[in-house]
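Biologist: I should be grateful for a close look at a single part of this chain, with its surroundings described and each term given its cut-off. Please set out the contacts before anything else.

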Amino acid sequence: MHNGVMDGEEFTSTGDPVCWLEHVCDECGALIDGALPATCWRCGAAVVAA
Ligand SMILES: [Zn+2]
């Protein structure tokens, strides 16, 4: 007889309104802070919203 208590691990979803993936530079992977389109602060590539 199973006596294990199923403790429901609650995954608190980080409901970010902005998809941060769009803010990652395709060229170097730097995280762009601010509104898009923007110029990558690291490599200078144009980062635009997908
Ligand atoms: Zn970059």
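Modeller: Not counting residues up to four places away in sequence, Cys43 touches Cys25, Glu27 and Cys28, where contact requires that the C-beta atoms of two residues, placed from the backbone, lie within 7 Å. This is a predicted model, in which local features need pLDDT of at least 70 and side-chain atom pairs count only at pLDDT 80 or more, while totals for chains, interfaces and linings use all residues. Residues are numbered from 1 along each chain as its sequence is written.

Cys43 and Cys28 are separated by 15 residues in sequence, and their C-alpha atoms are 6.8 Å apart in space. Cys43 itself is placed in the loop between strand S1 (38–39) and strand S2 (46–47). Strands are DSSP runs of E with at least two residues, helices are runs of H or I with at least four residues, and both are numbered from the N terminus. By this assignment the protein chain has two strands and zero helices.

Cys43 counts as partly exposed because 13 other C-beta atoms lie within 10 Å. The classes are set by the number of other C-beta atoms within 10 Å of a residue's own, these atoms being placed from the backbone: 20 or more for buried, 12 or fewer for exposed, and partly exposed in between. Of the 50 residues of the protein chain, 2% count as buried.

The loop between S1 and S2 also holds Ala45. Ala45 is partly exposed because it has 15 C-beta neighbours inside 10 Å. Beyond residues up to four places away in sequence, Ala45 touches Cys25, Asp26, Glu27 and Cys40. Cys25 and Glu27 are thus among the contacts of both Cys43 and Ala45. The C-alpha atoms of Ala45 and Asp26 are separated by 8.1 Å, with their positions 19 residues apart along the chain.

Past the loop, Val48 lies in the segment after S2. Val48 counts as exposed because it has 10 C-beta neighbours inside 10 Å. With neighbours within four places in sequence left aside, Val48 is in contact with Leu36 and Pro37. A distance of 6.5 Å separates the C-alpha atoms of Val48 and Ala38, which are 10 residues apart along the chain.

Pro37 belongs to the segment before S1, and the peptide bond from Leu36 to Pro37 is cis, with omega near 0°. In general, most peptide bonds are trans.

Leu36 is also a contact of Glu22, together with Ala49 and Ala50, when neighbours within four places in sequence are left aside. Glu22 is found in the segment before S1 and is partly exposed because 13 other C-beta atoms lie within 10 Å. Glu22 and Ile32 are 10 residues apart in sequence and 8.6 Å apart in space, C-alpha to C-alpha.

For the chain as a whole, residues 24 or more positions apart account for 6% of the contacts with a separation of 6 or more.
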